[in-house]
Amino acid sequence: MTLRIEDYALIGDLQTAALVGMDGSVDWLCLPRFDSAACFAAILGDKDNGHWRIAPKGAERCTRRAYTADTLVLESVWETRTGTVKVIDFMPQRDTNPDLIRIVEGVSGSVDMEATLRLRFDYGSVVPWMRRAAGHRVAVAGPDSVWLRSVPAVRTWGQQFSTVSAFTVGAGERVAFVLTWHPSHESCPELCDPFEALETSRRDWTEWADRCRTEGPYRDAVVRSLITLKALTYRPTGGIVAAPTTSLPEELGGVRNWDYRFCWLRDATLTLDALLDAGYQEEARAWRDWLLRAVAGDPADLQIMYGISGERRLPETRLPWLAGYAGSAPVRTGNAAVEQLQLDVYGEVMDSLFLAREAGLPSYLHAWYIQLSLLGFLESKWREPDEGLWEVRGPRRHFVHSKVMAWVAADRAVRTLESEPGLRGDVGRWRTMRDEVHREVCEKGYDPVRNTFTQYYGSAELDAATLLIPRVGFLPPEDPRVIGTVDAVRAELGTAGGLVRRYSTEGAAVDGLPGSEGAFLACSFWLADALRMTGRTAEARELFERLLALRNDVGLLAEEYDPVARRQLGNFPQAFSHIALVTTALALGREDSLPAGGEERAG
């Protein structure tokens, strides 16, 4: 039976990541990078598409599992009739070749174990040639080579195009399996000591988590989300992937399946804010620097997303040999939305760089010139329709959120020049643009009869992105139009349990796609933020704690949640969801520390 999305846990080495199921199977792993082809793709097909399972003989699911304190080291405990065993899964942070290490540790009694390694390169389509060399099982196909060894040595044999083994572990005994990838044209990779690597990994993650300056009742949730965000960071460049997976569906059996192994500009400000707020200046600076490198060039060529090293070409391809998670096809790699016009990203970039400057990150003069170039282009383009924040595959429209973010771009330029008048720029020009955008949005994007901002000009539909209006400072939280928008989104886009959808997918859906989707978790956190900002802190906290309860047993969230089936949907784990969790938790924490009658300033 297909595992639920939330039945998986994440491990990674800051350059790629794997998903480990409660059944002891690694069902997703791309090597050597997040965006490389998967060698384990069972989550998008079946076991013949690649997996690696280690579990007690005859057992189906582990008894319980957890990360070791504030680390990304996963421990799964299996209690059997003859004894108890623990499987420890992790990927050491590395500079060269990636290792996936699985340590089987006897806790009590004696447990018979079974292991099956089924490597399938190129997203489950290529069966490698297997051979023995220097105490390893070596798999080779084209550019890829994977070496498997065990410490102490365990007998392995080939069976139905897989490598299998059977062994017994008693109390206090440990058996480690090490799987190492390297380019097939190179010789045997450097060997690591798996037990030393375990202690190093625990120490590395613990020391990193200890830098978090957050306290209060939500600290554990915040730290777990920050660790997840760190795990989704490609350390060589500082880029942060939206998720380590592709094509986990937004609707079971549907077609809304996308590749999220890239870096989205829409996440920029919220990511930077969360990292800075939690005390992670180094990571914030690396993300800011990645952003500057990615957006450099002609402002007309600004994309909504880039590869983890800033790559621009991300062609979308379908993989017909994969049936899709729970039959949700097609499975896609690459993302055609990269070709879309989304005017909101100009505001995201301007807001991010403004926030970085305000937070005291080292500034670069060339960064300001890039901002002026972007703003000059936006000045001539903001009146045009676009595909909007949600990457609709229907016709372009005048999305309200896009226009609000155009206002943000001009506003941040004005505020920068006001605080640093020595910088080059025409502050009067950007004030004029700011005022013009604001006036048009309030005239054309607001429905006075229903007292709410709409999804796009002339539309009766709503968009949860308008919940960000007070956060970015477009209007103050106490403005009746803000309060009306919050209430309308809550009423019309709300689902069971108080969560919200991004927008309506009923009837002639604006996104041009068939089917529907679940409640969008980041938007539900935005609703909690908006409730808090409009003076309804108790309701905000209630919703936030309801959202916390949706995390899986190891604290992870996907992109969406189906409140009817009560299961997570979409790519997993999702950076956007965890960023929103951190932001809301920290804001609620500040609310607790404010004196009576105190309030935070938006924007």
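Visitor: What makes Glu-384 and Lys-381 a salt bridge?

Guide: In this predicted model, a side-chain nitrogen and oxygen of the two lie 3.3 Å apart. The cut-off is 4 Å between a nitrogen of Lys or Arg and a carboxyl oxygen of Asp or Glu, so the pair qualifies.

Visitor: Why is Glu-384 called partly exposed?

Guide: Its relative accessible area is 29%. Buried means under 20% and exposed means over 50%, so a value in between is called partly exposed. Lys-381, at 24%, falls in that range as well.

Visitor: What makes Glu-436 and Arg-383 a salt bridge?

Guide: The N to O distance is 2.9 Å, and the limit is 4 Å, so the pair counts. Glu-436 lies in helix H9 (residues 427-444) and Arg-383 in the loop between helix H7 (365-381) and H8, so the bridge ties together parts that are 53 residues apart in sequence.

Visitor: Are these two residues buried, exposed or partly exposed?

Guide: Glu-436 has a relative accessible area of 27%, and Arg-383 has 41%. Partly exposed covers the range between 20% and 50%, so both residues take that label.

Visitor: How do you know that Asp-7 is buried?

Guide: Asp-7 has 3% relative accessibility. The cut-off for buried is under 20%, so Asp-7 meets it. Asp-7 also forms a salt bridge with Arg-4, with the closest N and O atoms 3.0 Å apart. Arg-4, at 36%, counts as partly exposed.

Visitor: How many salt bridges does the structure hold, and which residues are linked in a network?

Guide: The structure holds 46 salt bridges. Asp-351, Asp-411, Arg-412, Arg-415 and Arg-434 are linked in a network of them.

Visitor: What makes H8 mostly covered?

Guide: Of its 20 residues, 17 are buried. Helix H8 spans residues 400-419 and reaches 29 Å from its first C-alpha to its last. That is close to the 28 Å expected at 1.5 Å a residue.

Visitor: Why is Cys-39 not counted in a disulfide?

Guide: The closest cysteine sulfur, in Cys-30, is 7.7 Å from the sulfur of Cys-39, which is too far for a bond. A disulfide needs the two sulfur atoms within 2.5 Å, so this pair fails. The count for the structure comes to zero disulfides.

Visitor: Why are Cys-39 and Cys-442 called buried?

Guide: Cys-39 has 2% relative accessibility and Cys-442 has 17%. Each value is under 20%, so each residue counts as buried.

Terms used: Residues are numbered from 1 along each chain as its sequence is written. This is a predicted model: local features need pLDDT of at least 70, side-chain atom pairs count only at pLDDT 80 or more; totals for chains, interfaces and linings use all residues. Side-chain values use heavy atoms; hydrogens and water are left out. Helices (H or I, at least four residues) and strands (E, at least two) are DSSP runs, numbered from the N terminus. The expected span of a helix is 1.5 Å times one less than its number of residues. Buried means under 20% relative accessible area, exposed over 50%, partly exposed in between (1.4 Å probe, protein chains only).
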